[in-house]
Structures are given as C-alpha cells and as structure tokens.
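Reader: I should like to learn how to read a binding site and the cysteines of a protein model. May we work through an example together?

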Amino acid sequence: MHQTIKHASDGIPLHLLQKTQFSSWLATQPPSVKNWLNSTQYQGNGLTLIPDSNGELACALFCSHDLQGLFASADIAKQLPPRQFVLNCDAQFELNAAIAWGLSSYQFDKYKKIETPRATLAMEDGAVAQRANHVINATCLVRDMINTPAGDMMPEHMANTVEAVALQFGGTFSQLVDEELLEHNYPTIHAVGRASVHAPRLLDLRWGDQQHPKVTLVGKGVCFDSGGLDLKPSAAMRLMKKDMGGAAHVLGLAYLIMSHKLPIQLRVIIPSVENAVSANAFRPGDVLQTRHGISVEVDNTDAEGRLVLCDALSEACNDKPDVIFDFATLTGACRVALGTELPGFFSTDNQIAQDLMALSENNHDPVWRLPLHKAYRNLLKSDVADISNCAATPFGGAITAALYLQEFVAPDIPWLHFDVMAWNNRPLPGRPLGGEAFGIRSVFDYLAQRYGA
Ligand code: BES
Ligand code: ZN
Ligand code: ZN
C-alpha cells in the first residue's frame, strides 16, 4: 500500500522550515506557540507537536538544517499521529517534501494486514500534488512488483501488469509467448525460460505520437533466478524474486514518462522468464543462436540476464531509436564495486553520461558511470562459439557483462546500461527495506530536459 498526496486545504498545519528560517518564523507566532516551544526547549531541530489552549493538536513543526535534500523530512510521515496534515512550507521545498512523504509511507501489505493507521498529507497546490503523485506511484509500482513473491510475479503476471499500465495511459501492449518466441526469432529468451512451467514471454509496450523522437527501454525480467543448472547456493538464491527488478524499473520509468506526457515515442521491451531447473533446461556448454546472428556458448547458466537481454537489445535497435536505456539486476560484481545503494551505469555516449551524472545529484538519485573497457572483451572469447556468456575470471564482472551486451547494440545508437540492486538492504529515510527503484528519477529528468516536459 502507498499513500498519494491529497489536493486539499483542510488539515492540521504541518510547518516545514529550514533551520535558518526558524527564528523569523517564531517571531510571527502567537504567544502560546512561543511559550510552548520555549518551555519544551525546542531548538529548531527535528519534529515537534504544538497544542492549542484546549490541549488539542494545533500544528506540527519540523526543522532541518537542509530541507533541500529529498529525504530530509521523509520520516515524519511515520512519526506523526494518524490525522490529516496540510503542508505549509516554502514553495521550493514542497515537491520534495510531498514525494518524501509518499515514499516513506509505503508498506508492502499484500500478504499481511498492517493495522497501524498512518497520517495523511494534503497540499493546496494541486499541480505540485499531481507531480509528486506521479513519482510516488511510479516508485511504488516498482517496489510492489519487486516485493511480490516470484510465485505471484511470473511472466504471465508481469504481462498483466505491463498491459494494465499500457492501457492506463492509452498505450498498446503486445506479447510473444513460448513457441512464438522461436517463430519470431528470439532464441535466447526461449532457451533461458523454457525449463519453467511459466512460459517465457517477450512483453512489448508502445506509447506516444509517431512524430516524436523514439526512446526505447529494455528491462531484465527474470522472475526468479535459481541459477539454472549452475544452481545458486541458498543464501544467494534467497532474494532472487528481485531478478525482475530491471523490468520493474523500466515500467516505473515508463509510468513517469507517460504520466508527464513527455513528447516522445516510447517503446518498452521486457524479456520475461523464469530461470528454472528441469530436464529440458539449457545447459553449461550449450551453444545458443541469438536474434543478432552471433552464436553464444553458455559457460554458466547463472549468467542468464545477459542472454535474455541480448535478443531484446537486438530488437530494440531495429526501429533505430534516438537512445536505448536498459536496466538489469545483472551482476553481483557491480554491487562489490559500488555497494548496494549506488547503481552503476555504462554508456556509449559521453555527453549523455556526463549530463546524467550531473543531474543525478540534484535528483537525490545518484548513478555512477563505469567503463566499457574494450581490453576486457577478449575475456569473453569462446573456443566453440562467437562469444561466451561469461568470463572465466570474476574480476571486472560488471564490465564484462556490459561488454557482452554491447555486442548486440548497433554502434550508431546511443545506449546506456544500468546494473542495479533493486533492493534496500537497510532502511533509510523514505526507503523502506525491500524492493526499490534506483536511477529512474534521474533518467526521467534527463529525458524531460532533453525532450521538454
Ligand atoms: N541475478 C544475478 C545477479 C545479481 C546477484 C544481482 C545478486 C544482484 C545481486 C545474475 O543473473 C547472476 O547470477 N550473475 C552472476 C554472473 C556470473 C555467473 C558471471 C553473478 O553475478 O554471480
Ligand atoms: Zn543468474
Ligand atoms: Zn539473474
């Protein structure tokens, strides 16, 4: 469950102040408020509740030394009593405060009734409330998809989710299921997904005006990654319901694009499979043909993400978009390099990469560029096929995975690949434990600045 921000003016005033504004704000307050804050020794730090003369709640006050930060006021949504509050702060802080409220009050309650009622937030500026709600809805869509157990988020369920979002915004949805993948030449997606009783699919969402520039998103939709015949040990398998995180990310990003009506022609391509173990599973040593025509030797069935992505990326290049973004929970190595809270990205376009890095700081949604270091390409040499799906060494594993994908992207189409964790390992303000979106606010902001919102 998540909370959206109401467009209303009734509620208990919630004052958010930069610490430097506190003394001038206090000077404008009636004696009862001054006396209360004085007698409770409130110094202008954090949250306090202020009563009226009857002992009823008159207003709430939160001061921070840096209200600019997106998550500065995030935790107050959980600390306030379950009443409706109305936001009262400088216009420059309103949007972030509202987004933070919504992101912080998220709870995954699909399977567990959560009884504690929560405070709600209203704001008088309807346009800001709507912008905040777009971000809250998109992020919570990503979180819900990732948090949903694999048994309830298999390719057929994911297809329903993608279709529902497409229809919500007047887009179109199509899919290829099981044998159709072979008929339409998506051999790697079929090979990875064929061992599951949940048939593999290619999900395809299109939206927007054909006159507008094309942007294509590709997301890794591995609904559960057991590792395949190269079975993961239990600790490594435990969180692998999140291996469709890339798919969730691109759907969340599509939600942002469509809800803001960005003037682009959008396509979202999601290879959706379960990497399961069965008698007909693909094997280490198998050689797969790809949509692109390159043959791949399967060195490790646990490097399945790049296999399903490579056919999707080939298709993405077919209609020659302006730019391709892919998101994937692709490698543990990227987490070793950057930790779990900083997504790595690779780019064939220096300008886009620079613009994105600069933007990401302002969006409080950091991303970090890693190199497509060409010299490591020969680590993917195979004796029997054009390329191996996995290097023999784990060192530089995020880079070799990205270099593998690059083989399938037309050199004249700018391409950015995001290797994300898709999961909060520890709770932070506004970021509860569990499924999480990384980098989509930054990429959306890049697109909004480039194509105009
Ligand atoms: N889904 C995993 C990658 C992953 C693991 C991402 C943990 C985030 C957290 C991926 O399919 C995988 O298993 N990759 C292997 C690649 C290796 C076999 C070359 C990995 O990272 O160990
Ligand atoms: Zn894997
Ligand atoms: Zn995987």
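Author: One begins with the character of the shell. In this predicted model, the residues around ligand 1 divide into three nonpolar, four polar and eight charged.

Reader: How many residues surround ligand 1, and which are the closest?

Author: The shell comprises 15 residues, and the closest are Lys232, Asp243, Asp302, Glu304 and Gly332.

Reader: Which pocket does ligand 1 occupy?

Author: Ligand 1 takes up the space of the largest pocket.

Reader: What distances separate the oxygen atoms of ligand 1 from N or O atoms of Asp225, Lys232 and Gly332?

Author: For such pairs, one applies a cut-off of 3.5 Å for a polar contact. An N or O atom in the side chain of Asp225 is 2.9 Å from a ligand 1 oxygen. For the side chain of Lys232, the distance is 2.8 Å. Gly332 takes part through a backbone N or O atom, 2.8 Å from an oxygen of ligand 1. The protein covers 78% of the 510 Å² of accessible area that ligand 1 has on its own.

Reader: How many disulfides does the model contain?

Author: A disulfide requires two cysteine sulfur atoms within 2.5 Å. By this rule, the count is zero.

Reader: Why does Cys63 form no such bond?

Author: The closest cysteine sulfur, in Cys59, is 11 Å from that of Cys63, which is too far for a bond.

Reader: Are Cys63 and Cys140 buried or exposed?

Author: A residue under 20% relative accessible area is termed buried. Cys63 is buried because its value is 3%, and Cys140 is buried at 0%.

Methods:
Residues are numbered from 1 along each chain as its sequence is written. Chains are lettered from A and ligands numbered from 1 in the order in which they are written. This is a predicted model: local features need pLDDT of at least 70, side-chain atom pairs count only at pLDDT 80 or more; totals for chains, interfaces and linings use all residues. Side-chain values use heavy atoms; hydrogens and water are left out. A residue is near a molecule or strand if one of its heavy atoms lies within 4 Å of it. A polar contact is a pair of N or O atoms within 3.5 Å; within protein, one must be able to donate a hydrogen and the other to accept it, and residues adjacent in sequence count only if both atoms are side-chain atoms. Accessible areas come from the Shrake-Rupley method with a 1.4 Å probe; for residues, only the protein chains shown count as cover. On a 1 Å grid over the protein atoms alone, a cavity is a set of points where a 1.4 Å probe fits but cannot get out, and a pocket is an open set with protein on both sides within 12 Å along at least five of seven lines; lining residues have an atom within 4 Å of a point. A molecule sits in a cavity or pocket if more than half of its atoms lie within 2 Å of its grid points. Ala, Val, Leu, Ile, Met, Phe, Trp, Tyr, Cys and Pro count as nonpolar, Asp, Glu, Lys and Arg as charged, and the others, Gly among them, as polar. Buried means under 20% relative accessible area, exposed over 50%, partly exposed in between (1.4 Å probe, protein chains only).
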